[in-house]
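Q: Got a model I'd like to walk through with you. Can we take the overall picture, then the sheet, then the helix packing?

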Amino acid sequence: MSKKITQDELESYLWGSAVLLRNHIDAGAYKQYIFPLLFFKRLNDVYEEETEKAVRENGPEAADWEETHSFIIPDGAHWGDVRSVPENVGKAIQTAFRAIEKANCDKLSGIFGDGTWTNKNRLPDRLLKDLMEHFSSKTLSIENCPEDELGYGYEYLIKKFADDSGHTAQEFYTNRTVVHLMTELLKPESGESIYDPTCGSAGMLISSIAYLKEKGKEWRNVSLFGQEINALTSAIARMNLFLHGIEDFQIENDDTLASPAFIKNGKLRTFDLVLANPPYSIKEWNRDAFSADKYGRKFLGVPPQGRADYAFLQHIIKSLDEKSGRCAILFPHGVLFRNEEGEMREKLVRGDYVECVIGLAPNLFYNSPMEACIMICRMDKKLDRRGKVLFINAINEVERKNAQSYLTDAHINKIANAYAEYKDNDGFAKVVTIKDIEENNFSLSIPLFVKPAADSNGEDPFTVQQHYENWRALSERVQKSYSLLSKMIAKGGEENA
């Protein structure tokens, strides 16, 4: 008899499937096979659960009623059908996947990805049968494993894969405590539209729904949108949302900068809220296409080939609703002060788009000691915030355990409260005018504006990187002043001649 699965049992069960793949494929490829099988098993068990309930309430004929099921699994494509196949298991799996996708083209088209299931050198029949038997050991019905619990288990597996796969993990998994902070800062509301232009496995979109659930607010009327360049990852995003019980979503697989997916009446579709962690400073992007962009996304300028950060920033700002639009973007610190983006940054500041800049602690990202920042932009600032930017130095807001760094609830609340209050906080937060930023050559380097607290006991609150940023910004300011002075002297000499 089936019984509800505990979270520990679920995590052990899910990771056990990955263990079976060890010594057969690289850790980075686990997700290509584990996630589709897990999703297949979930669909099958929910379908059978729906059938049993309908037959129990309405008799045997209800099993075939269209209204009984929320999706279709065609005859011959059930888990049991594939499990009973004695050989060519990979082909049977692939055939079942395509049949389910075809029968549910409006919801599940392409969702199982394009894994090489028929490659017997990589996935011999014995291995696939072992995997199917492992997944068969538990029933993943909604009664046994509610949507949220399976979703949390899925997130656990994503994190484990990130840990196991090494350097590429950040492209797939953003530190969840940072995501929770970004959600807390923007405070999603019922009925809003939420967008992530580089959505990965959809963690930021799911965090928005989790926020509404935690606050006891209606979440089923929220529309979620995402775009992801990697085909497998975009499929995983859709599975992830589905397994969290979310139905109103649209995830597209394409290059956001080259081919934005959400267009309305020839213009970029706009959203109430955008959360994003774009790939940092990518060099391989189509700068020429962006230079000829027809959606108005180069209003600040065309970024250098070696750094696409401001291309993503401009795409996001143009995707914001004129009244309700606000965004939180996770960026490398360089966007705050790099020379080659100086003119674009000046236009960004003068346009009064930036509401807040938050510096985060190092080591919050897998296999990288880098420091990141969160930039919050808002299209319609409150009157008392117009012409101003709040800087928050949260470099010390971090907890480290078992070689992982994360933000605690206390850290998240402290940062979110400082943003909500929008006032000076000695050594932690500072409200600065656009004029102040102009005097600093439009650098947004946090140490320029947030000075050490008076009672810091002589301890240096800033990192070496922040001191470097401060020194560089000040050097540029001196250089600019010297250049201006030289021009004035030269002009004076010409007038006296």
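**Overall picture**

A: Of the 497 residues of the protein, 53% count as buried, meaning under 20% relative accessible area with a 1.4 Å probe and protein chains only (over 50% is exposed, in between is partly exposed).

Q: What should I know about the model and the numbering?
A: This is a predicted model: local features need pLDDT of at least 70, side-chain atom pairs count only at pLDDT 80 or more, and totals for chains, interfaces and linings use all residues. Residues are numbered from 1 along each chain as its sequence is written, and side-chain values use heavy atoms, with hydrogens and water left out.

Q: How many helices and strands?
A: The protein has 17 helices and 13 strands. These are DSSP runs numbered from the N terminus: H or I of at least four residues for helices, E of at least two for strands.

Q: What share of the contacts comes from residues 24 or more positions apart?
A: They account for 75% of the contacts with a separation of 6 or more. Contact means heavy atoms within 4.5 Å.

Q: On to the sheet. What's the strand order?
A: An open sheet of 9 strands runs β3-β2-β1-β6-β7-β9-β8-β10-β13, with mixed pairing. Strands pair if DSSP finds at least two bridges between them. The edge strands are β3 (249–253) and β13 (429–433), each pairing on one side only. Twist averages 15° from one strand to the next.

Q: Is β8 buried or exposed?
A: Strand β8 (residues 354–359) has 6 of its 6 residues buried, so the rest of the structure largely encloses it.

Q: Which strands does β8 pair with?
A: β8 pairs with β9 (residues 372–378) in the antiparallel sense over 5 bridges. With β10 (residues 388–393), β8 pairs in the parallel sense over 4 bridges.

Q: Which residues sit opposite each other?
A: V354 has C377 of β9 as its bridge partner. On the β10 side, I358 stands opposite I392, and G359 opposite N393.

Q: Where do α9 and α10 lie on the strands?
A: α9 lies across β6 (273–276), β7 (326–332), β8 and β9, at about 150° to β7. α10 lies across β1 (193–196), β2 (223–228), β3 and β6, at about 155° to β1. Angles run from 0 to 180 degrees between N-to-C directions, with axes fitted to C-alpha atoms, for helices over the stretch in contact.

Q: How do α9 and α10 cross?
A: The axes of α9 (residues 176–186) and α10 (residues 203–214) come within 9 Å and cross at roughly 55°. They are therefore oblique to each other (under 35 degrees is roughly parallel, over 145 roughly antiparallel, 65 to 115 roughly perpendicular, the rest oblique). The crossing is right-handed: the near helix is turned clockwise from the far one by less than a right angle.

Q: Which residues make that contact?
A: R176, V179, H180, M182, T183 and E184 of α9, with G203, M204, S207, S208 and Y211 of α10.

Q: Switching: what about α2 and α6?
A: The axes of α2 (residues 30–58) and α6 (residues 125–136) come within 11 Å and cross at roughly 45°. I34, L37, L38 and K41 in α2 meet L131, F135 and S136 in α6.

Q: Last one: where is L140, and what is it in contact with?
A: L140 is in the loop between α6 and α7 (147–165). L140 is buried, with a relative accessible area of 0%. Leaving aside neighbours within four places in sequence, L140 is in contact with I5, Y13, L38, K41, R42, D45 and V46. L140 and D45 are 95 residues apart in sequence and 5.6 Å apart in space, C-alpha to C-alpha.
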